[in-house]
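Take a look at the model below. We will walk through a few of its strands and one of its helices.

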Amino acid sequence: MKTLLQELAFQQVDVFSPQRLGGNPLAVVVDGDGLDTATMAKFANWTNLSETTFLLKPMAPDADYRVRIFTPHQELPFAGHPTLGSCHAWLASGGRSKQEFVIQECEAGLIRIRRDGDILSFLAPDLVKAGDIDSDLLKRVVEGLGLSPDRVVDANWVDNGPGWMALLLKSRDDVLEVRPNYQSISGLRVGLIAPCPDIAGVDFEVRAFTAAGFEDPVTGSLNAGLARWLISAKLAPPSYIAAQGTVLGRSGRIHVQLNAQGVWVGGNVVTCIEGKAII
């Protein structure tokens, strides 16, 4: 029996860069309600991007839309650049929020998203795991990254769903010079951050190493976790800009701001490809 194919609105967007093709790409199937989980997972595996999302009708009454987020290998409860990229695609497809903020529903709950000019920002979710990293695990990570222990200023869990842990290093050069042994840190999601006192327009340099064994260009969930940790510990100011993707030739810029509502994490989003996905 021949399978009935569907033509669905599709966008590929670039997230977290003021320069087109400088951020983190995301595939978005705009009207995914007719797809089952197996088909979503297969399509995400085929796109081979770090994440692919599917926009669905909301289940929660306050939500504007629902999103499911897939890597090539698994579904995630929350991720940052897919949140902003999905919101951009929803708005570009005619979506209109019911209230002051866009409300995105995902497995992690309801995520608020605001628009400020060309910047979209999400309200960072609570950490599901925080605090010190076990000493044996931290030693494994430090060795796997080829770091000298004296270059590590502090370390903490910053997990808001995907499982991130983070190391604060002494300098930007320390961050940029890391060449990880992915076999040694297999199955772990590790973020690095260091201050950039001499780089105009940038306060911190960030890198993200995924559990799948590659470096992510620009990572919203990690930066959200980093912001919650560093601002609360007074290791970062209430507002700052982080650079990410430098080693990969990207120009990611993540805008962080603490206000009375919480920590907002944002950046530019642009559409690079628009058309139909035949699934």
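Start with strand 8, which pairs with strand 17 (residues 262–278) in the antiparallel sense over five bridges. Strands, like helices, are DSSP runs numbered from the N terminus; a strand (E) has at least two residues, a helix (H or I) at least four. Two strands pair if DSSP finds at least two bridges between them. One bridge partner in strand 17 is V265, which sits across from F122.

This is a predicted model, with residues numbered from 1 along each chain as its sequence is written. Local features need pLDDT of at least 70, side-chain atom pairs count only at pLDDT 80 or more, totals for chains, interfaces and linings use all residues, and side-chain values use heavy atoms, with hydrogens and water left out.

Strand 8 has another partner, too. Strand 7 (residues 109–116) pairs with strand 8 in the antiparallel sense over four bridges. D116 has I119 of strand 8 as its bridge partner. The two strands form a hairpin with two residues between them. In that turn, G117 has a positive phi of about 65 degrees.

How enclosed is strand 8? Five of the five residues of strand 8 (residues 119–123) are buried, so the strand is largely enclosed by the rest of the structure. Buried means under 20% relative accessible area, exposed over 50%, and partly exposed in between (1.4 Å probe, protein chains only). I119, S121 and L123 point one way, while L120 and F122 point the other way.

L120 leads us to helix 2, through H88. H88 lies in helix 2 (residues 80–92) and is in contact with L120. Contact means heavy atoms within 4.5 Å. Leaving aside neighbours within four places in sequence, H88 also contacts Q11, V13, V269, V270 and T271. H88 is buried, at a relative accessible area of 18%.

The rest of helix 2 is mostly covered: twelve of the 13 residues in this helix are buried. Its end C-alpha atoms are 19 Å apart, which agrees with the 18 Å expected at 1.5 Å a residue. That expected span is 1.5 Å times one less than the number of residues. Just after helix 2, G94 takes a positive phi of about 100 degrees.

Finally, turn to Q104 in strand 6 (residues 102–106). Q104 is buried, with a relative accessible area of 0%. Its side chain makes a polar contact of 3.1 Å with the side chain of T83. A polar contact is a pair of N or O atoms within 3.5 Å; within protein, one must be able to donate a hydrogen and the other to accept it, and residues adjacent in sequence count only if both atoms are side-chain atoms. T83 is one of the buried residues of helix 2.
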